[in-house]
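Okay, thanks everyone for coming. I'll put the sequence and the structure up on the screen, and then we'll walk through it together.

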Amino acid sequence: MRRRQYLALTSVSVLATTAGCLDTGDGSAGELRMSRYDPANTAYAPDGTGPTDDVTEEWSFTADRSIWAPPAVVDGTVYTATGDGIVYALRDGDEEWSFEANEGVMMTPAVVDETVYSATFPAPGAETGTPTVQALALDDGTRRWTRDVETDEFLNASSVVDGTVYVNAGDTLYAYAEG
C-alpha cells in the first residue's frame, strides 16, 4: 500500500474514533460538519459526548458499495459517501437523496450553509477519470458546481472556511472560492 493511501486511511480511522463527539463548539450541538471535526482539522471536540452505558441500534443503512468516509451530521441528517462515488443524505436510516459522481469518494463531505462539498477521484486502476471538487445543494443533492483538479494524487478531506473550500492532494493544497 502506498504511503499516502495509508495516511488517508489512517486519517479516516482517527475520525471514525471521534465521530461520537458531535459538537462543533459554535453552539450547534449534535453536528459534525466536516472531516476531523472543524475547519482546523483538530479532531478535538471539547464538549462532545457519546454513549457510556448499554447501547441499542437506532437504525442502519446499507449502501450498494462500501462506505469509506465517516459521516458529517447536520440537523439530524447524515451525509456520507461510497468508494465508488455516491454521496448520500440519510435521515433516521432512510435515504433523503443521493448523488452519483461516477468517481470514488473516500472522504467525509463538508457541510456549510446550504451546501455539501465533496471531492472525487478515479477508482484505483481506472483508465479514465479526473479528480474533482464539487458542491451539492443541501436540500436535494443537485450539483451546484464542479472543478477538475490537476493531480495524480488522491484528494483528501475538504475544509470550508470563510467562503473558501480547501482540498489537499499529496503535497499540494488547493483553495476554491467564488470569483
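Let's start with Tyr117: it has a relative accessibility of 12%, so it counts as buried. Keep in mind that this is a predicted model. Now, what does the ring of Tyr117 pair with? Tyr117 forms an aromatic pair with Trp145. The ring centres are 6.3 Å apart and the planes sit at 50 degrees, which makes this pair tilted. Trp145 comes out at 24% relative accessibility, so that one is partly exposed rather than buried; the cut-off for buried is under 20%. And the pair links distant parts of the chain, with Tyr117 in strand β6 and Trp145 in strand β8, 28 residues apart.

Okay, staying with β6, which covers residues 115–120. How many of its residues are buried? The count is 6 of 6, so β6 is mostly covered. Look at the two faces: on one side you have Thr115, Tyr117 and Ala119, on the other Val116, Ser118 and Thr120, and all of them are buried.

So who are the neighbours of β6? On one side there's β5, and the two pair in the antiparallel sense over 3 bridges. If you want to follow the register, Ala110 has Tyr117 as its bridge partner in β6, and Val111 has Val116. Between β5 and β6 there's a hairpin with 2 residues between the strands, and in that hairpin Asp113 takes a positive phi near 55 degrees. On to β7: 6 bridges join β6 to β7, and those two run antiparallel. Tyr117 shows up here too, with Ala135 as its bridge partner in β7.

Zooming out to the whole sheet now. Which order do the strands come in? It's β5-β6-β7-β8, 4 strands in an open sheet with antiparallel pairing. The edges are β5, residues 110–112, and β8; each has a single partner strand, so one side of each is left without a neighbour in the sheet. On average, neighbouring strands of this sheet are turned by 20 degrees against each other, ignoring direction. As a reminder, strands of a sheet pair through backbone hydrogen bonds, either parallel or antiparallel.

While we're here, have a look at the loop between β7, residues 132–137, and β8, residues 143–148. Asp139 lies in that loop, and at 62% relative accessibility it counts as exposed. How far is Asp139 from Glu114? In sequence the two are 25 residues apart, and in space they're 7.4 Å apart, C-alpha to C-alpha.

The next loop along, between β8 and β9 (155–161), holds Asp152. Is Asp152 buried or exposed? It has a relative accessible area of 78%, so Asp152 is exposed. Its C-alpha is 8.3 Å from that of Ala169, and the two are 17 residues apart in sequence.

Right, back to the rings. The structure holds 4 aromatic pairs. One of them is Tyr79 with Trp97, with the ring centres 6.2 Å apart and the planes at 45 degrees, so this pair is tilted. Tyr79 lies in β2 and Trp97 in β4, residues 94–100, so the pair ties together parts that are 18 residues apart in sequence. Both of these residues, Tyr79 and Trp97, are buried.

And just after β2 (77–81), in the loop leading to β3 (86–91), you'll find Thr82. Its relative accessibility is 0%, so Thr82 counts as buried. What does Thr82 touch? Leaving out residues up to four places away in sequence, its contacts include Ala63, Arg65, Ser66, Ile67 and Trp68, and also Tyr88, Gly104 and Val105.

Last item, charges. Side chains of opposite charge can pair when their charged atoms come close. How many salt bridges do we get here? The count comes to 1. Arg91 forms a salt bridge with Glu96, and their closest N and O atoms are 3.1 Å apart. Neither end is fully out or fully in: Arg91 has 33% relative accessibility, so it counts as partly exposed, and Glu96, at 43%, counts as partly exposed as well.

That's what I wanted to show you. Thanks, and I'm happy to rotate the model if anyone wants another look.

Methods
Residues are numbered from 1 along each chain as its sequence is written. This is a predicted model: local features need pLDDT of at least 70, side-chain atom pairs count only at pLDDT 80 or more; totals for chains, interfaces and linings use all residues. Side-chain values use heavy atoms; hydrogens and water are left out. Buried means under 20% relative accessible area, exposed over 50%, partly exposed in between (1.4 Å probe, protein chains only). Contact means heavy atoms within 4.5 Å. A salt bridge is a side-chain nitrogen of Lys or Arg within 4 Å of a carboxyl oxygen of Asp or Glu. Two strands pair if DSSP finds at least two bridges between them. Axes are lines fitted to C-alpha atoms, for helices over the stretch in contact, and angles run from 0 to 180 degrees between N-to-C directions. Rings of Phe, Tyr and Trp (its six-membered ring) pair if their centres lie within 6.5 Å; planes under 30 degrees apart count as stacked, over 60 as edge-to-face and the rest as tilted.
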